[in-house]
Amino acid sequence: MALAGLLLSAGCGHITARALPNANLSGHRHIFVEHRLPDSYGVADEIARQLRVMGYDASAGALTMMPGDTELIVSYEDMWTWDFNNYMIEIDMQVRSARGDRVLAVGHYFRPSMVFGHPPSDMIHELLVKLFKHA
């Protein structure tokens with residue numbers, strides 16, 4: 001019985017999100033997702049897509065492509081592993097103001113196993129919902 005509990009807990013994900021006091025991320029409309037150079041899985045585009053679904057004006061690309069009306073910048077670090085299949089095990093996000101580059105919120109999602117996990121799009125969605133306190 002203890003072994004079964006250990007196996008089940010090994011597949012659970014851990015998600016955290018913290019924002020500065022009085023940081024109202026949902027009050028901003030224009031968000032830019034900073035594309036990482038080694039992003040071969042399309043994570044930046046998926047983050048921007050999901051933000052658009054949540055009602056934000058969001059795009060992704062190199063910082064040099066950032067629109068002039070950008071209010072928030074989302075940057076991320078994604079970690080992947082291979083276990084007979086490539087899958088995301090961890091993603092960190094940072095939300096900062098476009099003017100002044102001040103960090104407003106940070107989020108972390110760790111899912112150590114693909115057995116009980118979700119596809120990367122689900123992990124990204126869950127973290128964005130927590131960060132932007134979106135229903």
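Entry 1, helix packing. I began with the terms: an angle between helix axes under 35 degrees counts as roughly parallel, over 145 as roughly antiparallel, 65 to 115 as roughly perpendicular, and the rest as oblique. The model I looked at is predicted. In it I found α2 and α3 packed at an angle of about 50 degrees, their axes 10 Å apart, and I therefore noted the two helices as oblique to each other. I also recorded that their crossing is right-handed.

Entry 2, the contact itself. On the α2 side I listed Val 43, Glu 46, Ile 47, Gln 50 and Leu 51, and on the α3 side Ser 121, Ile 124, His 125, Leu 128 and Phe 132. By type, I entered six of these contact residues as nonpolar, three as polar and one as charged.

Entry 3, α2. I looked up which residues of α2 are buried and wrote down Val 43, Ala 44, Glu 46, Ile 47, Ala 48, Gln 50 and Leu 51; these pack against β2, β3, β4 and β5 as well as α3. After α2 comes Gly 55, for which I noted a positive phi, near 105 degrees.

Entry 4, the core. The largest nonpolar core has 28 residues, and I marked Val 33, Ile 47, Leu 51, Val 74, Met 93 and Phe 132 as those touching the most other members. Among the elements that each supply at least two residues to this core I noted α2 (43–53), β5 (86–97) and α3 (120–132), with α3 giving the most, six residues.

Entry 5, Met 93. Leaving aside neighbours within four places in sequence, I found Met 93 in contact with residues including Ile 47, Val 74, Ala 105, Ile 124 and Leu 128.

Definitions and conventions. Residues are numbered from 1 along each chain as its sequence is written. This is a predicted model: local features need pLDDT of at least 70, side-chain atom pairs count only at pLDDT 80 or more; totals for chains, interfaces and linings use all residues. Side-chain values use heavy atoms; hydrogens and water are left out. A nonpolar core is a set of buried Ala, Val, Leu, Ile, Met, Phe, Trp, Tyr and Cys residues joined through side-chain atoms within 4.5 Å. Buried means under 20% relative accessible area, exposed over 50%, partly exposed in between (1.4 Å probe, protein chains only). Helices (H or I, at least four residues) and strands (E, at least two) are DSSP runs, numbered from the N terminus. Contact means heavy atoms within 4.5 Å. Axes are lines fitted to C-alpha atoms, for helices over the stretch in contact, and angles run from 0 to 180 degrees between N-to-C directions. A crossing is left-handed if the near helix is turned anticlockwise from the far one by less than a right angle, and right-handed if clockwise. Ala, Val, Leu, Ile, Met, Phe, Trp, Tyr, Cys and Pro count as nonpolar, Asp, Glu, Lys and Arg as charged, and the others, Gly among them, as polar.
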